Amino acid sequence: TPSPYHSVRFYYLAEEFVVGKSKEEASPLRWDRVILNCPGDPNWDPRRPELMKWDDLQKCIAGAIVTFVDDGSARDLELSWQVFHQCSTRLQYLGVQVALQKVRPPAQQPGA
């Protein structure tokens with residue numbers, strides 16, 4: 001059977017290209033620092049994740065890619081779409097197919 005090594009390797013190279021530079025101000029995936037949010041810390045906020053990339057310009061958790069674009073914690077709908085747009089256009093530039101016709105806006109209810 002063929003090894004998935006090359007597919008996985010190419011995917012991670014493509015992901016690095018999609019994310020771009022972390023300090024690029026125009027990027028919806030930019031971030032400035034990593035924040036550790038643990039119980040017992042005087043600044044602990046139980047509403048936030050224990051580990052997060054933080055965008056000091058937008059003052060919010062930075063957009064991220066984890067094999068899918070997670071719009072659940074984005075500051076707003078516009079930022080979610082900016083993250084998706086950057087991911088899809090750069091992946092298409094590399095020849096990775098993105099089915100834009102199947103994209104739906106984020107919703108609280110599942111289904112078509």
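The legends below describe close-up views of a predicted model.

**Figure 1. Overall arrangement of the chain.** The secondary structure of this predicted model consists of two helices and three strands, and these elements follow one another along the sequence in the pattern α-β-β-β-α. The chain has 112 residues, of which buried residues make up 21%.

**Figure 2. The largest nonpolar core.** Nine residues make up the largest nonpolar core, namely Ala14, Val18, Leu29, Cys60, Ile65, Leu79, Val83, Cys87 and Leu91. Helices α1 and α2 each supply at least two residues of this core, and the greatest contribution is that of α2, which gives four residues.

**Figure 3. An edge-to-face pair of tyrosines.** The structure holds two aromatic pairs, and the one shown in this view is formed by tyrosine 11 and tyrosine 12, whose rings meet edge-to-face with 5.3 Å from centre to centre and an angle of 75° between the planes. Tyrosine 11 has a relative accessible area of 26% and is therefore partly exposed, and tyrosine 12, with a relative accessible area of 45%, is partly exposed as well.

**Figure 4. A stacked aromatic pair between the two helices.** Phenylalanine 17 and tyrosine 93 form a stacked aromatic pair, with 5.8 Å from centre to centre and 25° between the planes. Because phenylalanine 17 lies in helix α1 (residues 5-19) and tyrosine 93 lies in helix α2 (residues 77-93), the pair ties together parts that are 76 residues apart in sequence. Phenylalanine 17 is partly exposed, at a relative accessible area of 35%, whereas tyrosine 93 counts as exposed, with a relative accessibility of 67%. The ring of phenylalanine 17 has a further partner in arginine 90, which lies over the face of that ring at 5.7 Å from the ring centre.

**Figure 5. The nonpolar surface patch that includes the stacked pair.** Phe17 and Tyr93 appear again in this view, where they join Phe10 and Leu94 in making a nonpolar surface patch of about 420 Å². Leucine 94 is found in the segment after α2, and its relative accessibility of 32% places leucine 94 among the partly exposed residues.

**Figure 6. A lysine over a tryptophan ring.** The charged end of lysine 23 sits over the ring of tryptophan 31, at 5.5 Å from the centre of that ring.

**Figure 7. A buried salt bridge between arginine 30 and aspartate 55.** The count of salt bridges in the structure comes to five, and in the one at the centre of this view the side chains of aspartate 55 and arginine 30 meet with an N to O distance of 2.6 Å. Aspartate 55 belongs to strand β2 (residues 51-55) and arginine 30 to the loop between α1 and β1 (33-36), so the contact ties together parts that are 25 residues apart in sequence. Both partners are buried, aspartate 55 with a relative accessible area of 4% and arginine 30 with a relative accessible area of 5%.

**Figure 8. A partly exposed salt bridge between arginine 33 and aspartate 56.** In this view the side chains of aspartate 56 and arginine 33 meet in a salt bridge with an N to O distance of 3.0 Å. Aspartate 56 lies in the loop between β2 and β3 (60-61) and arginine 33 lies in strand β1, so the pair ties together parts that are 23 residues apart in sequence. Aspartate 56 counts as partly exposed at 31% relative accessibility, and arginine 33 is likewise partly exposed, with a relative accessible area of 40%.

**Figure 9. A salt bridge with one buried and one exposed partner, and a shared network.** Aspartate 45 and arginine 47 form a salt bridge in which the closest N and O atoms are 2.9 Å apart. The two partners differ in their exposure, because a residue counts as buried under 20% relative accessible area and as exposed over 50%: aspartate 45 is buried at 15%, whereas arginine 47 is exposed at 75%. Elsewhere in the model, salt bridges with shared partners join Arg30, Asp32 and Asp55 into one network.

Key:
Residues numbered from 1 in each chain as written. Predicted model: local features only at pLDDT ≥ 70, side-chain atom pairs only at ≥ 80, totals over all residues. Heavy atoms only, no water. Phe/Tyr/Trp six-rings, centres within 6.5 Å; stacked < 30°, edge-to-face > 60°. Buried < 20%, exposed > 50% of the residue type's maximum accessible area, 1.4 Å probe, protein only. Lys NZ or Arg CZ within 6 Å of the ring centre and 35° of its normal. Salt bridge = Lys/Arg side-chain N within 4 Å of Asp/Glu carboxyl O. Patch = residues over 30% accessible without salt bridge, like charges linked within 9 Å, V, L, I, M, F, W, Y side chains within 5 Å. Areas by Shrake-Rupley, 256 points an atom, 1.4 Å probe, with all protein chains shown as cover. Core = buried A, V, L, I, M, F, W, Y, C linked by side-chain atoms within 4.5 Å.
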